Amino acid sequence: MIEANLPLLVPLAFLIPALLIPLIGVRAPGAAYPLALAAVLASIPIAGFGLFRVIESGPVTYTLGGWEAPIGIELVLDPLASFLTLVVTVVSCLVLIHARHVASVEHPDKRVPYYSLVLLLLAGFCGILSTGDLFNLYVFLEISSLAGYGLVAIGDKRSPVSAYRYLILGSVGTGFYLLGIGFIYVMSGSLNMADLARILPHILDQPAVLAGLILMVTGIGLKMALFPLHFWLPDAYSSASSATSALLAPLGTKVGAYILIRVLFFVFDPAAVEQRAPIASAIAWLSAGGVLYGSLMALAQQELKRMLAYSSIAQIGYIGLGLGMANPLGFTGAVLHILNHALMKAALFLVAGNLRVQLGHSNIAAMDHRLSRQMPWSMAAFTVGALSMIGLPPTAGFFSKWYLVLGGIQGSYWVFVAVILMGGLLNAVYFFRVVERVYLPFRRGLPDNGAANGGAEVVESREARFSMLAPTLILAGALLALGLASSFLVNRVIHLMVPAGL
Amino acid sequence: MNDLSTFPSAVPLLAILVSAASVPLIGMSARRPNLREFWTLLAAGAKFALVLSLLPSALADQVAETRLFQISPGVDLTLRADPFGVFFALIASGLWILTSFYSIGYVRGLKEKHQTRYFASFALCLSATLGVAFAANLLTFVIFFEVLTIATYPLVIHKQSPEAIAAGRKYLAFTLTAGVVLVAAMAATLQLTGTLEFQAGGLSAFQDLSPVEVKVLFGMFLAGVGVKAAIMPLHAWLPAAMAAPTPVSALLHAVAVVKSGVFGVVRVAGFLFGPETLGRFGLGEVMLWLGGATILLASCLAFAEDNLKRRLAYSTVGHLSYVVLGAGLLSPSGLIGGLLHIANHATMKIVLFFCAGAIYVHAHKEKINELDGIGRAMPWTMGAFALASLGLAGVPPVNGFVSKWYLGQGAMEAGSLAVVAILLISGLLNAGYFAPIVYRAFFKRSDNFNSIGEASAWMVVPLILAAALSALLGLMPDLFFHFFTLAQRISAQVLEVSIP
């Protein structure tokens, strides 16, 4: 009974408490957090069981209301969807544990709407992951987007403006996507993904179908902040509350990347599309631009969260590069990077949150070497995250880049190989800038004064509390462990996701 | 491997892990320096004992192998204590013991800050170095190579002075870029040949590639490992890194890190491309040119340095390329000479750095022109210095002579008179830049050092032991460690000739 309903269970586990929280929260605001945490904790074993079940005995399908596809709406849990559902639930659980204190410091009076929106967002994400229907996906996309706009608006003074921008551009994105579905529905008469995958090869020569695909990809590109459609992202991430940006940055764009994979590789046949319109190569080239642009812009930022936001644009570029290569190794690298980047970015944004809460700011220029003594564990986690972002072995970040480089060489995309490796070096520069500032007593142009020798100076600890530190350290530890386990993941899990057409 | 048989064993893994395991212990004993130093010494002793236990099987062509788990399609994280790996691991772990004693004297003598970080990073560096030595395939090699890069950084910036921080940046800029080039070359190799396994004599798959592919790949590999090997023009980080404390310069910048670089050069040349491929595409000659030019230029640049450690650094740059030269000759004696120089240069250069450190701690001098008359105050230190510098110049009976002798023979075998000339000129240049130091120390007089005596026993004993080792290895190259036999076997396996 549970097995048959698996695709529905995780979205429901988020959706029901999301609606309950405002009702209960009117009387008891304190109940919002336990309810949200309970929902996320409950979703992890379900998602874990889902992944296990899918790997053991293949995809699970659920038809809503018993209406058979293609008439009814179908939810499908396949390896890709179940894997990413587990990633979303685990990362959001860690972020939520961390968020409790952040939320009570940064927006104490908005906790009830905050937790309700978080669950709504997650319900949207998991719905997107498990649906087998293009229009249903749009509905979940809007649910998550609207929740996202609300979350971004809960932040500092600039956040309403950022949220408004995010709302306008996000709506344009979902609008494009909806328009694209319209084109395809008119031509094919179906919205079911599996059904479309059978129909589309016969009508792919119709210009309207290709136009529909291009519209959809444009819309998805906006949602996943694919360069040059990224411009909403830095503001939205940096002015949102730390609890929000730690949730949106690792997961939001990844779900966008998932939609791209689903549409491009599972609904359409990438090789057949490529013969008619070079969509995959366009994505790859734009992503390569994004890697360089994001890294260079990150270099210029003075605010840690903004730097991390630009770094996200670069990292999404890596995912896009892997997908655009359209070969199994590149695909593997892209999926692995979705996982790795979700963990790295979560770890780094949690450190940024720790800084905001403990110091009141996350301004790079105002950091100095005392920080490494005040917050030694947070800074150690930051360093591990930075090493992984640079892509140094044996951290997880190395292995996703390794598969991407292998994919690039397999397809003889020498420019992309160069961009992937160059991007790593640029990462090294902008992360090292922070690490050096935090660990070393050195000001450019100023002589080494007495305090520089550190030792004698007594610095009181300002380390974040345990509930904030534990998730940060777990994520950092996972980066080390996942690096060595990456091959296991690729062989047992990601291997199953590679679409047959590649 | 031709006639080597492997057997599963956890010893290579344990040898690597033992010093990494000491890192948390060192960290936890931060407030109890004696206990902390005990962990370092215990790890150093255990590591050396473990490596030593691998020696008999390596000599018997039985190779201990730890196969862990897959890390990439078709590539396992594998450690293999083949003769070459054991050769390098013996040098690094053996000299770590001496350096650990010396470090204790050094950092306590100077009352250095951040001693815990210092000893912890040191232990991690040694783990990475042994990982480099025992790596059975390129991916394992690169993983440890990069860990070594990162673990060394805290030691380079140890003093936290603007100079040290600038040196740290330079170091990372060079080594991280090299790492990227190495990863690209490795990925291309995996795609083109389908394997990353090291094999004595090289992979035959390289012979099927087009000349352009082979040349570009080799260039990338050479650049990737050449930064740590300080092949000119990729050497600039090494003199800058002399801002590090002297024991770091002694063990890492004369033994572990830079020797990992030349170790990589030999691995790539002898175990990946193989002499046949190198010979066919004229790549051995490229190594000869690069190595030869580096030897001569670095020796000339050494003259211009008045800072003792920087002069030693340029000397190191020159001597590292002896190994490159030895690998590039592609002749049996040449390779034996190059390999022996990995060990011999290590024991001699570590003496010189130990001396420089003893002078710095005890007499607070860093410049060569301030050393007039120091030989009378510190006779043991400067005596060892004199012995080691004679060795580097190639004077018998110190061990530097042995490696040069074989290199010279190898050059004759390869019919390359130019290399013989380079070796001779380099010997003269070495004598030229070391002699003034010894002359000033013993034959000039000044009143600077009237009130001081010899440095502390923590420092003098290790440096005398290292000097004695250099002299003994010159008289008996096969003594105890069997460096000579190992080098002979490695050379025979790589060049696929039968051992006489």
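**Chain B fold and its contact with chain A**

In chain B, 80% of the contacts with a separation of 6 or more link residues that sit 24 or more positions apart. This comes from a predicted model. Chain B has 18 helices and three strands, and 64% of its 500 residues are buried. Its C-alpha atoms fit in a box of roughly 70 × 55 × 40 Å along the principal axes. The radius of gyration tells a matching story: a compact globule of 500 residues would come out near 23 Å, so the 21 Å of chain B agrees with that expectation.

Now for one helix pair within chain B. Helix 3 (residues 83–110) and helix 18 (residues 483–495) of chain B have axes that come within 9 Å and cross at roughly 145 degrees. The crossing of these two helices is left-handed. On the helix 3 side, the contact is made by B:P83, B:F84, B:V86 and B:F87, while helix 18 brings in B:F483, B:L486, B:A487, B:R489 and B:I490. Sorted by class, that gives eight nonpolar residues, one charged residue and no polar ones.

Turning to the two chains together, 25 residues of chain A are in contact with 23 residues of chain B. On the chain A side, the elements that give two or more residues are helix 17 (396–410), helix 18 (414–439) and helix 19 (466–497) of chain A. Helix 18 of chain A gives the most, with six residues. By class, the side of chain A that touches chain B splits into 18 nonpolar, six polar and one charged residues.

Key. Residues are numbered from 1 along each chain as its sequence is written. Chains are lettered from A and ligands numbered from 1 in the order in which they are written. This is a predicted model: local features need pLDDT of at least 70, side-chain atom pairs count only at pLDDT 80 or more; totals for chains, interfaces and linings use all residues. Axes are lines fitted to C-alpha atoms, for helices over the stretch in contact, and angles run from 0 to 180 degrees between N-to-C directions. Helices (H or I, at least four residues) and strands (E, at least two) are DSSP runs, numbered from the N terminus. A crossing is left-handed if the near helix is turned anticlockwise from the far one by less than a right angle, and right-handed if clockwise. Two residues are in contact if their C-beta atoms, placed from the backbone, lie within 7 Å. Ala, Val, Leu, Ile, Met, Phe, Trp, Tyr, Cys and Pro count as nonpolar, Asp, Glu, Lys and Arg as charged, and the others, Gly among them, as polar. The radius of gyration is taken over C-alpha atoms; the globule rule is 2.2 Å times the number of residues to the power 0.38. A residue is buried if 20 or more other C-beta atoms lie within 10 Å of its own, exposed if 12 or fewer, and partly exposed in between; C-beta atoms are placed from the backbone.
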